[in-house]
Amino acid sequence: MTPISEANIVSTMPSQPKLAHVLFDEAHSEAWSIRPEVALQMQPAHPGDSSLEAAARALADRDFTVAAHTDGRLGADALAGAGVLVIAHPSDPKWEGTVGGGTPTLGGDEIDAIERFVTDGGGLIVLGETEQEKYGNNLNELLDRFGIQIENTTVQDYEHHSEAPSWILADLGSGTNGSGGLVSDLTARVETACFYRAGTLSTTNGATVVARTHESANLPNAALVAVTGHGRGRVAVLSDSDLFGDDCIGEHDHMNLWLNLVYWVASDAFANAGLENAGQLAADPDWIKLREAVAELRLMQDADGSVDLSRHDRDRVAELTAGIAGGVTALAPQFEHEAAYFEALRSDLLAWERDGFAKPDFYASTDAFRPEQFRVDGMEHLVVFPMYKQNGSRDTCFEALLTRTPWPGFVDELETGGYDNAKFVPVELIDYTDGYESECAVLFPETFSVTERPPAHFGGIFCDREAERFRRVGSAAAEILHLNLPPDADALLNSPQLSRDAYITWDLIHDRTHMRGDLPFDPFMIRQRSPYWMYSLEELRCDLTAFGEAAKLEAEGFPFGRYVQYAILFDRIFRFPITGGRTRNYDGLGGQLIFAFLHREGYLHWTDNKLTIDWDRLAEGVGRLRDRVQDLYHSGIDRSKLGQWIAAHDLVSEYVPPAENSVWAGDRRDLPTVEEPKQLVDLVLDDEFPLSLFYVSLGPKLEPAMQRPERAAATSAAANRETVAA
């Protein structure tokens, strides 16, 4: 195997997950190196003009590992494991200082290998130069495979840079979403870019031009950046290499352009990174017998979880109950950490049988089930309870689940770094009984069947289910709305692991926020009877806080925080408003409010049937709404309960108009005098805040994506992805 030298690129951020590997070729007399000591040898007086260290470090600080290929041919062995290959301006040494050794030309077998690499999902970035032909490389022979050529020319534009007319300020108008079939906006967060002594590109075969020269250039409207797809992979070509060098990448918006291009070409790597199969547990015969026993028993149960023995054979019910207990015993050696829970579970099953299969009371096993105590990545659990599902039927019946706890290293660091949340536990579903063929994404003790108030040891969130739904709905919404989607957001929407980890972080911070800040006496308000907009504002407050904390983490050097912001925003403004019915839908109202606020205040725009978000100002806009909600909470301690309800209604109404027949609306408020404010809750309309025209139109278009895929189809798709990844 051709050796690959690791570059001295070490991330300084805490445990950022790494999903893609970027390989910089330095074996073909390139004029750039990611190794600072090599760049110093190439340009002793000004090594920044030969160094791509800053570009490589920016990747290493995010989702990438980075290495330099310093010797040997670019064959299949050299490219194995890489998600992206960067070829940065190979040159004959008589024209440039180079990395030394090797030839600037690629062999025919190397060109074939690179094309296969791209066809199979790899990303390729090629940095060309002005007067391309003199450098003695054969990049155009390679690029011909992808319908792009670097032309032998030098552009000048006196109108846009009179002091240095060969420094070309690019026209970036072509980079918006929807251009050339792109899903991502490669110019997101990129307002200006300068190409230093740039050549131009020509394109065929449907390549998309992202940046051009201006009309005033001596070669007007000529391509400076072009991208294309090829097989499962992607290719990006630039007519200048200097803009990403150490001495230029900090100018204009070059760093953002660089990151956008790398994320875009790495799409396939993100989609297939970190995939885990269900393992052997789901196929274990003892699990299958247990699952089948639960499936039969649950069909016999009445709404409260009891079994009517006048309609069902007692012996068969007892046989199924014994089968469940026996299945737990048979599987117990694989779950030694659940020994106390299994003992309590078997006792609860026996007690249920002794009570004649009446309404089940599984308090003992609920108290013994403690998944939050095992915060270890990959820890698996067997879960058997009579329960109801949130966001589904309120009927109680037995369910059996196999779960896995994902616990990435960075979550430990977040918890010890101030985001403590001892009850929170993320969960993935390995296999489950039919009751979880629903949108239910939580495992809460209060849903288990007990006669007393259940112990609240933990709150389990099925982060994989939330993430799958996010990817499905968010991707469809971005396409339908022609959203100016940044390539890293597109990577999030394509990556099971990135999206799962984003939800772990979001839920971790959201959940703890319910107990922090200026709060009502019952922060969850589950024991109060309040108008539904109060629940809406509480959930929104927690999400806005989580967004702000994620933005803070990003600013402090944990770029993963940006994914959490995307997840919160997209779920809130795309899925929440059109999910569920219009009967006091508090989550839906929260999504309506954040969209309306950002639109009214100019942070997002719906123009020409395209949704454009001002990404550079988005955190500011979310922060302003958070301040409004927090001010409401802070001042609420001085108001009566009814006064707080009215103030909250006024805040929501400022951005989301109430129904025309609302008696709560400020301009026509007509509330009777009552002894207790909760009596007024009956005057709240089921749809107190109707959907806007935007959501009324979006809903039907998103309806296909709102349907959760059947388990068989989802399992087959996951298996196919695992096969591809393997």
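Contact here means heavy atoms within 4.5 Å. With that in hand, let's walk through this predicted model, starting with the loop residue Asn-138. Setting aside neighbours within four places in sequence, Asn-138 is in contact with Pro-104, Thr-105, Leu-106 and Ile-111. Asn-138 sits in the loop between β4 (123-127) and α5 (139-143). One of its partners, Leu-106, is 32 residues away along the chain, yet the two C-alpha atoms are separated by 6.5 Å. Asn-138 is buried, with a relative accessible area of 14%.

## The whole protein

Now for the overall picture. The protein has 22 helices and 18 strands. Its C-alpha trace spans about 95 × 65 × 40 Å along the principal axes. How does the radius of gyration compare with that of a compact globule? For 726 residues, a compact globule would have a radius of gyration near 27 Å, and the 29 Å of this protein agrees with that.

Buried residues make up 57% of the 726 residues. If you take the contacts between residues at least 6 apart in sequence, 74% of them join residues at least 24 apart. The accessible surface comes to about 28700 Å², and carbon and sulfur atoms account for 49% of that area. As for charge, there are 61 positive and 114 negative side chains, and the centres of the two sets lie 6 Å apart.

## Cysteines

A disulfide is a covalent bond between the sulfur atoms of two cysteines. How many disulfides does the model have? The count comes to zero, the rule being a pair of cysteine sulfur atoms within 2.5 Å. Cys-463 is in no disulfide, and the nearest cysteine sulfur, that of Cys-440, is 14 Å away. Cys-463 is buried, with a relative accessible area of 1%.

Why is Cys-542 without a bond to its closest cysteine sulfur? That sulfur belongs to Cys-463 and is 19 Å from the sulfur of Cys-542, which is too far for a bond. Cys-542 is buried too, at a relative accessible area of 0%.

## Two residues with positive phi

Most residues other than glycine have a negative phi. His-252 has a positive phi of about 50 degrees although it is not a glycine. You will find His-252 in the loop between β11 (233-238) and α6 (254-265). Is His-252 buried or partly exposed? Its relative accessible area is 39%, so His-252 counts as partly exposed.

Phe-357 is not a glycine either, and its phi is positive at about 60 degrees. The loop that holds Phe-357 runs between α10 (339-354) and α11 (363-368). Phe-357 counts as buried, because its relative accessibility is 0%.

## Three more buried residues

Val-22 lies in strand β1 (residues 20-25) and is buried, with a relative accessible area of 0%. Which residues does Val-22 touch, not counting those up to four places away in sequence? They are Leu-59, Phe-64, Thr-65, Val-66, Ala-67, Val-84, Val-86 and Val-262.

Gly-233 belongs to strand β11. With a relative accessible area of 3%, Gly-233 is buried. Beyond its neighbours within four places in sequence, Gly-233 is in contact with Val-118, Thr-119, Gly-121, Gly-122 and Thr-228.

Arg-572 is part of helix α17 (residues 561-575). Where does its accessibility place Arg-572, buried or exposed? Arg-572 counts as buried, because its relative accessibility is 0% and buried means under 20%. Not counting residues up to four places away in sequence, Arg-572 touches Glu-539, Leu-540, Asp-543, Pro-577, Asp-587, Gly-590, Gly-591 and Ile-594. Two of these partners, Glu-539 and Asp-543, have side chains of the kind counted as negative, while Arg counts as positive.

The table sets separation along the chain beside C-alpha distance for four pairs of residues.

| Pair | Separation in sequence | C-alpha distance |
|---|---|---|
| Val-22 and Ser-216 | 194 residues | 37 Å |
| Gly-233 and Leu-350 | 117 residues | 58 Å |
| Asn-138 and Leu-106 | 32 residues | 6.5 Å |
| Arg-572 and Asp-543 | 29 residues | 8.9 Å |

Two of these pairs are also in contact: Asn-138 with Leu-106, and Arg-572 with Asp-543.

Technical notes:
Residues numbered from 1 in each chain as written. Predicted model: local features only at pLDDT ≥ 70, side-chain atom pairs only at ≥ 80, totals over all residues. Heavy atoms only, no water. Helix = DSSP H or I, 4+ residues; strand = E, 2+ residues; numbered from the N terminus. Rg over C-alpha atoms; globule rule 2.2 N^0.38 Å. Buried < 20%, exposed > 50% of the residue type's maximum accessible area, 1.4 Å probe, protein only. Areas by Shrake-Rupley, 256 points an atom, 1.4 Å probe, with all protein chains shown as cover. Charge placed at Lys NZ, Arg CZ, Asp CG, Glu CD.
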